[in-house]
Amino acid sequence: MLHIFARYAGTAVSVALFCIALAVAVVIAAA
Amino acid sequence: MALALAPMLVALSGGRPRPRGLLVELGATLGLLGIGVLAMQLVISGRHRWFAGSVGQDNLLQFHRQTGLFAWMLVLAHPLSMMAGEPAFLAYLDPTEDLVRAATLYFIVIATTVLIATSLWRVGMGLQYEWWRALHALLSLLVVAAGLGHALLVDHYTAGIATKAGLAILVGMPLLLLLETRVVRPWRMKRTPWEVTEVRDVPGDATLLRLEAKGHDGLEFRPGQFAWITLGDTPFSLQQHPFSMASRPGEHHRLEFTAKHVGDFTRSLPGVQPGTKAWVEGPYGIFSIDPESGRRMVFIAGGIGITPIMSMLRSCHARGCGQDMWLIYANNEEADVIFGDEIDALAKDMPLRVTHVLSEPSPGWQGETGYVDASLLERILPADDGEMEYFLCGPPPMMNQVEPALRARGVAPGRVFSERFNLV
């Protein structure tokens with residue numbers, strides 16, 4: 001059943017990482 | 001995630017340069033994230049036990065595929081965003097401005113695209129597995145090294161010497177790990193050679209391979225695990241393939257594998273001569289049983305997926321397991337059934353109920369037909385008692401059908417253990 005998690009884990013982590021990079025860029029640009 | 005974010009954190013923890021527009025800053029953070037995600041690929045794909053832990057190599061490689069695609073998107077998005085925010089960055093692409101810098105950027109974009117394209121469409125491109133593997137390792141190494149060089153030379157967020165050193169260490173460690181995987185590990189394997197003692201065709205268009213340890217104690221493994229096998233005089237060969245052990249763990253110095261003829265390497269297996277040297281890296285995998293748990297067990301295998309389950313059944317038999325067990329074994333035709341006689345013998349010797357399911361049965365077939373689905377599970381298995389464990393190994397269509405069917409029967413996800421074939 002771990003596969004169901006694994007099937008989407010890479011995509012979920014990628015989206016999360018992109019959101020973090022975007023948030024950091026917004027904070028820096030607004031500073 | 002920490003590994004992927006680390007270069008960004010190190011770079012941003014240095015000095016505070018003058019803020020630029022949002023698109024430029026986004027381009028910078030995506031670039032720093034890109035090098036982190038690329039470095040992370042070297043760690044997650046390296047079959048490091050300390051890292052794979054309880055996740056499982058097959059899951060980790062699925063993760064590698066998805067995050068690899070994300071890394072490629074970052075490599076493309078980084079310059080696009082920078083240039084969209086500040087057209088002056090277009091000069092980075094001009095070889096007359098700075099040849100090395102421009103060449104590095106072109107190389108990173110093209111090499112990452114080649115990495116992704118050859119991984120997604122290797123078979124369609126006619127690229128042989130061993131050459132793909134060599135290309136993948138070489139380009140990965142060069143892309144990460146070039147990305148690090150680029151980040152260090154940009155001098156915006158990486159101007160400070162401490163930042164440069166931190167970034168070099170963070171990205172340099174995964175590069176060293178890649179060398180460990182491809183050079184140090186095969187070198188260590190030279191001390192534990194194996195020899196092919198038997199090669200035999202088995203039903204289902206597959207080959208059975210037996211190996212014997214030469215001058216060492218062999219391999220300790222748990223039933224259901226797999227190992228990477230290299231055949232030939234040197235462990236440095238590019239031909240290294242993962243196969244599940246069919247033998248039981250007690251026989252450390254003798255290993256048995258069965259492999260279906262699906263690729264160039266497996267199709268060449270029948271021609272392997274006894275006496276050929278072999279090299280075994282492993283064991284790997286979390287698809288395993290505890291024969292002494294006492295819990296009732298259901299095994300569901302499709303085709304060659306019987307291999308790790310055979311190791312589990314043999315292990316249960318050797319340890320005299322007394323709990324009820326069920327084996328549902330799906331094949332196309334009766335002639336595809338591997339280990340048929342041995343499974344019948346095991347069923348006579350221990351509380352194992354065997355059900356063969358054929359999708360293309362001969363006219364005289366009396367058993368189950370079709371595929372392993374919810375109605376078949378309903379007919380064959382008793383109601384789930386809240387403790388039974390389920391072990392699944394087969395082709396993706398079978399797994400995709402059985403996993404939801406088990407959930408619908410009220411089986412908790414934590415009691416379903418599965419392994420898929422599409423590892424590489």
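In this predicted model, chain B and chain A bury about 2,400 Å² between them, and carbon and sulfur atoms give 73% of that area. On the chain B side, the elements that give two or more residues to the surface touching chain A are α1 (2-12), α2 (22-44), α4 (57-85), α13 (396-408) and β12 (416-420). The residues on this side of chain B divide into 18 nonpolar, nine polar and seven charged. In terms of contacts, 34 residues of chain B meet 24 residues of chain A. The rule finds zero salt bridges across the interface of chain B and chain A. Three residue pairs across this interface are in polar contact, with both residues at pLDDT 80 or more.

Two of the elements just named, α13 and β12 of chain B, also belong to the description of a sheet. This is an open sheet of six strands in chain B, with the order β10-β9-β8-β7-β11-β12 and parallel pairing. Its edges are formed by β10 (368-369) and β12 of chain B; each has a single partner strand, so one side of each is left without a neighbour in the sheet. Helix α13(B) packs on the sheet, where it touches β7 (297-302), β11 (389-394) and β12 of chain B. The direction of α13(B) makes about 160° with that of β11(B).

Elsewhere in the parallel sheet, strand β8 (residues 325-331) and strand β9 (residues 352-358) of chain B pair in the parallel sense over seven bridges. Within this pairing, Ile328(B) has Thr355(B) of β9(B) as its bridge partner.

Chain B also holds an open sheet of six strands with antiparallel pairing, in the order β4-β3-β6-β1-β2-β5. Here β4 (240-244) and β5 (254-260) of chain B stand at the edges, and because each has a single partner strand, one side of each lacks a neighbour in the sheet. Neighbouring strands of this antiparallel sheet are turned by 40° against each other on average, direction ignored. At the β5 edge, β2(B) and β5(B) pair in the antiparallel sense over seven bridges. Arg210(B) stands opposite Glu256(B) in β5(B).

Two details of backbone geometry fall in this part of chain B. Most residues other than glycine have a negative phi, and most peptide bonds are trans. Asp205(B) is not a glycine, yet has a positive phi of about 55°. Asp205(B) lies in the loop between β1 (193-202) and β2 (206-213) of chain B, and these two strands are adjacent in the order of the antiparallel sheet. The other detail is a cis peptide bond joining Gly282(B) and Pro283(B), with omega about 0°. Pro283(B) is found in strand β6 (residues 277-284) of chain B, which stands between β3 and β1 in the strand order.

Methods. Residues numbered from 1 in each chain as written. Chains lettered and ligands numbered in written order. Predicted model: local features only at pLDDT ≥ 70, side-chain atom pairs only at ≥ 80, totals over all residues. Heavy atoms only, no water. Contact = heavy atoms within 4.5 Å. Buried area = accessible area lost by both parts, 1.4 Å probe. Salt bridge = Lys/Arg side-chain N within 4 Å of Asp/Glu carboxyl O. Polar contact = N/O pair within 3.5 Å; in protein donor to acceptor, adjacent residues only side chain to side chain. Helix = DSSP H or I, 4+ residues; strand = E, 2+ residues; numbered from the N terminus. Nonpolar A, V, L, I, M, F, W, Y, C, P; charged D, E, K, R; others polar. Pairing = 2+ DSSP bridges. Axes fitted to C-alpha atoms, helices over the stretch in contact; angles between N-to-C directions.
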